[in-house]
Amino acid sequence: MRSTRRDEILAHAAKLFSERGIAATTVRDIADEVGILSGSLYHYFDSKDAIANEIVVRFLEDLNVRYENSIEPEGSARDRLATMVSVSFASAVDHPYATEVYQGEAILSSQPADAPITVLVQKAHSYWRSAIARGIADGEFREDIDPEQFHRLLRESVWSTVAQYRPQLSELADDLQRNLISVFLDGFAARSGDGEPVARVARRTAKKDAHTESPDSEIAELRADVDELKSVIRELSSSIRHLQKP
């Protein structure tokens with residue numbers, strides 16, 4: 001689909017808002033980036049705030065459509081959440097800087113309950129909450145972890161990872177989402193009698209039914225799991241340190 005002038009304005013403004021903030025970005029800054037006169041920008045948008053709102057609204061509308069379309073009624077709750085993580089990264093790639101603009105601007109993230117952005121955000125949250133609630137009800141997820149806390153930890157980790165890796169997001173999205181899914185969803189999985197995630201036990205049983213694994217192959221798999229977990233922990237620690245910087 002061919003980009004329109006409005007699309008160009010939104011794309012350049014999103015990057016500027018993310019880097020400088022809305023208050024520090026002028027209409028002239030945006031116009032200069034697009035290559036038009038400042039006055040011409042007002043033919044497309046009433047104000048700078050209107051541009052910021054449309055950036056976030058477009059992103060959230062698309063995100064919610066993708067969440068809705070990703071639902072598989074017969075699928076597991078884990079699969080649904082894993083798909084939502086993947087969908088979130090895909091939407092973030094297609095709407096560069098939109099989530100960073102929303103998270104970095106209090107004026108956008110603290111609007112009245114009936115404001116379009118608030119309504120869309122709550123709708124997006126409802127998809128996460130419903131998948132988590134279903135997983136707990138079905139015995140797929142642990143009951144000893146507060147579902148709302150888990151919801152916020154997983155969701156915020158997705159978006160903070162998007163912000164942290166924005167320059168390389170298109171190239172690293174597959175690895176990043178796989179690591180997040182592994183750390184969060186395997187950790188949230190209900191436990192078997194020996195303390196392992198039920199989903200992982202099921203996968204290993206299926207493998208053994210297909211062919212008998214040797215002790216050496218099982219040890220190699222465990223070592224690979226540990227190495228992957230160490231890598232993810234290092235990445236998450238780096239992200240947390242970045243977010244804590246003033």
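**Notebook: salt bridges**

I looked up R142 and found that R142 is partly exposed, with a relative accessible area of 22% (buried means under 20%, exposed over 50% and partly exposed in between, with a 1.4 Å probe and protein chains only). I noted that salt bridges that share partners join R6, D7, E54 and R58 into one network.

I wrote down that this is a predicted model, in which local features need pLDDT of at least 70 and side-chain atom pairs count only at pLDDT 80 or more, while totals for chains, interfaces and linings use all residues. Residues are numbered from 1 along each chain as its sequence is written, and side-chain values use heavy atoms, with hydrogens and water left out.

Next I asked which residue R142 pairs with in a salt bridge. The partner is D144, with the closest N and O atoms 2.8 Å apart (a salt bridge is a side-chain nitrogen of Lys or Arg within 4 Å of a carboxyl oxygen of Asp or Glu). D144 counts as exposed, at 56% relative accessibility.

I then turned to helix α4, residues 48-70 (helices are DSSP runs of H or I, at least four residues, and strands are runs of E, at least two, numbered from the N terminus). In this helix E54 and R58 lie 4 residues apart, about one turn, and their side chains meet in a salt bridge at 3.2 Å, N to O. R58 is partly exposed, at 31% relative accessibility.

D62 and R66 also lie in helix α4, 4 residues apart, and I found their side chains in a salt bridge at 2.7 Å, N to O. D62 is partly exposed at 22%, and R66 is partly exposed at 22%.

Finally, I searched the whole structure and recorded 15 salt bridges.
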